[in-house]
Amino acid sequence: MKQKSVAVVGAAETTRMGKIPDVSVIGLHADAALNAMKDAGLKPSDIDGVATAGISPVELAHYLGITPTYADGTSVGGCSFMLHVRHAAAAINEGLAKTILITHGESGRSRVGAGGFGRAPSSLMGQFEMPYGVTSPPTMFTVPVLRYMKTYGVTEEDLANVAVVQREWAALNPRASFKDPITVNDVLNSPMIAWPFRMLMCCLVTDGGGALILTSAERAKDFPQKPVYILGTGESVETPMVSQMEDFTSSKAFRVSGKKAFDEAGIKHSDVDHLMIYDAFAHLPLYGLEDLGFVKPGEAKDFINERNTAIGGKLPLNTNGGGLSYMHSGMYGMYALQESVRQMRGIAPAQVKDAKISVAHGVGGMFAASGTVVFTNEA
Amino acid sequence: MPPRILPEPTPETRHFWDGCREGELRLQRCTECKHSYFPPRAFCPKCASREVEVYPASGKAVLYSYVINHRPRPDMGTEPYAIAVVQLDEGPRMMTNIVGCPQTPEALVLDMPVKVTFEKQNDDITLPFFEPAKA
């Protein structure tokens, strides 16, 4: 895509987050959408493009009273919203729509108006993974990790420290679900979920949502908020079955999506001031740092242990507290994008001083898909 | 305990499940580029040739990676169990359970040799599991 040709002009999360038993899934989408429209000074009749995952863009458009000329229902898991941003940027450049709304809402904890997590027994996953006792993501996303740990000498302490460092960021965020400091020992003494994963190495399960509004950079100047420009984007998919990943120590989808986004943006790793890596589990930031090329394979644990991603470090990572401590309704990619936008607007609770480039990198399914967006606040 | 969640074969995978019922782990191989692959499909995922054949695998593998699920799915009983991936001698990897040994990190050592064993679930479906190979 053409660099900085499209900008985020509206961004907001749901009014409340955490436990919201009185709002259904579609209600969370709408709450986030209304907040983002208010942020951008727009009404539903000003929106001519919609994109969402989890629910259909048809449901979204009808519920909000939008008559779109563009609808994107790409649904590849938690990074779907990164792909929506990418597709929306291309669509705006091509003239398919002028003002595109992207929403997420999920009643992950309260399950109000939420669907199930089942897989058809005739699908490949239903035939070749479900019979062996996999349940929810904690027993699937984690399956490759012992191989990664053996290959690079990564310890349970290293995994635990990922959660510890992110909790330090969460402490700065009033909206974070968990703010109290934790130690490596606390993580290693938390309940066993799926060895080697303890509870505090797994993301939260909460209710919430978020929404973004994109338009052309040219129009963005007339909106109330400081525009946040799209500098580069990437996406890829690999496999619906975690057991069939090509390499258990590295995500092909991460590598392809990340390289595409960095190439499009024309940036070097040292240009990145702020980074979000979707952390459904503690190993995701390790894979992400390596597969995006910030460090070499096997070096991410030391990079985090040496506090490069912590407060005051050279690469602030997951500054909202991440899926491990901030919130995780099921498809966390939207919240990673929201934090990148806040950082680029200069209004994040844990604001990175003078940050000019932010990268939001998402995962979908169990290393099934990936999307990457590079933002900048410089026109 | 609810009945175990079982696969529902499709025309493309039928040979695999028939093989398990008959005590044979069946893989597919491209007759042009010789690539062995899993899960089943009617063409080679490496070169896209439709000229593929079904053949019996050796059943030999190594333990490649796993987790031990401490929150058992209701149909899997009440004790923690390993959800494993094995690397077959022929190349492909597959998810399975490791049977015939304790479900502990001490007993389940990466790269240990394992071999296939079959467990009948009903008249149609037999699941392939793996057990430690005797030295």
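Helices, in the sense used here, are DSSP runs of H or I that span at least four residues, and they are numbered from the N terminus. With that in mind, this report walks through a predicted model, beginning with a helix of chain B and moving on to the sheet of chain A, the core, the contact between the chains and some particular backbone positions.

**A helix of chain B**

Helix H1 of chain B covers residues 14-21, and its buried residues are B:Phe16, B:Trp17, B:Gly19 and B:Cys20. When the helix is viewed down its axis, these buried residues of H1(B) fall within an arc of 155°, so they line one face of the helix. The elements against which the buried residues of H1(B) pack are strand E1 (26-30), E7 and strand E8 (126-132) of chain B. Just after H1(B) comes B:Gly23, which takes a positive phi of about 80°.

**The sheet of chain A**

Chain A contains an open sheet of 9 strands, whose order is E3-E2-E4-E7-E1-E8-E11-E10-E9 and whose pairing is mixed. At its edges stand strand E3 (70-72) and strand E9 (274-277) of chain A, each of which pairs on one side only. On average, and with direction ignored, neighbouring strands of this sheet are turned by 20° against each other.

Several neighbouring pairs in this sheet can be followed residue by residue. Strand E1 (residues 6-13) and strand E8 (residues 228-237) of chain A pair in the antiparallel sense over 2 bridges, and here A:Val8 stands opposite A:Val228 in E8(A). E1(A) is also joined to E7(A) by 7 bridges, again with the strands running antiparallel, and the bridge partner of A:Gly10 in E7(A) is A:Ile213. E4(A) and E7(A) pair in the antiparallel sense over 8 bridges, with A:Ile100 opposite A:Leu214 in E7(A). Of the 10 residues of E7(A), 9 are buried, so this strand is largely enclosed by the rest of the structure.

Two helices that lie across strands of this sheet can be described in turn. Helix H1 (residues 25-40) of chain A lies across E1, strand E2 (49-52), strand E4 (100-107) and strand E7 (207-216) of chain A, and runs at about 40° to E7(A). Helix H13 (residues 333-345) of chain A lies across E1, E4, E7, E8, E9, strand E10 (357-364) and strand E11 (369-376) of chain A, and runs at about 180° to E10(A).

**The nonpolar core**

In soluble globular proteins, nonpolar side chains tend to be buried together. The largest nonpolar core in this model has 162 residues, and those with the most contacts inside it are A:Val85, A:Ile100 and A:Leu214. H1(A) supplies the largest share of this core, with 9 residues. Leaving aside residues up to four places away in sequence, A:Leu214 touches A:Val6, A:Ala7, A:Val8, A:Val85, A:Ala88, A:Ala89, A:Ile92 and A:Ile100. A:Ile100 thus appears both among the contacts of A:Leu214 and as the residue opposite A:Leu214 across the pairing of strands.

**Where the two chains meet**

The contact takes 28 residues from chain A and 29 residues from chain B. On the side of chain A that touches chain B, the elements that give two or more residues are helix H4 (124-128), helix H5 (145-152) and E5 of chain A. The residues on this side of chain A divide into 16 nonpolar, 9 polar and 3 charged. Strand pairing also links the chains, for 2 bridges join E5(A) to strand E4 (residues 60-69) of chain B, and these strands run antiparallel. The bridge partner of A:Trp195 in E4(B) is B:Ile68.

**Particular backbone positions**

A:Trp195 also takes part in a cis peptide bond, the one that leads to A:Pro196. The table sets this bond beside another cis peptide bond, in chain B.

| Cis peptide bond | Omega | Place of the proline |
|---|---|---|
| A:Trp195 to A:Pro196 | near 10° | loop between strand E5 (192-195) and strand E6 (197-198) of chain A |
| B:Phe38 to B:Pro39 | near -5° | loop between strand E2 (36-37) and strand E3 (52-56) of chain B |

The loop between E2 and E3 of chain B also holds B:Ala48, which has a positive phi of about 70° although it is not a glycine. B:Ala48 has 10 C-beta neighbours inside 10 Å and therefore counts as exposed. B:Asp111, which is not a glycine either, has a positive phi of about 75° and is placed in the loop between strand E6 (93-96) and strand E7 (113-120) of chain B. With 10 C-beta neighbours inside 10 Å, B:Asp111 counts as exposed.

Conventions: Residues are numbered from 1 along each chain as its sequence is written. Chains are lettered from A and ligands numbered from 1 in the order in which they are written. Two strands pair if DSSP finds at least two bridges between them. Axes are lines fitted to C-alpha atoms, for helices over the stretch in contact, and angles run from 0 to 180 degrees between N-to-C directions. Two residues are in contact if their C-beta atoms, placed from the backbone, lie within 7 Å. A residue is buried if 20 or more other C-beta atoms lie within 10 Å of its own, exposed if 12 or fewer, and partly exposed in between; C-beta atoms are placed from the backbone. Ala, Val, Leu, Ile, Met, Phe, Trp, Tyr, Cys and Pro count as nonpolar, Asp, Glu, Lys and Arg as charged, and the others, Gly among them, as polar. The arc is that of the directions from the helix axis to the C-beta atoms. A nonpolar core is a set of buried Ala, Val, Leu, Ile, Met, Phe, Trp, Tyr and Cys residues joined through C-beta atoms within 7 Å.
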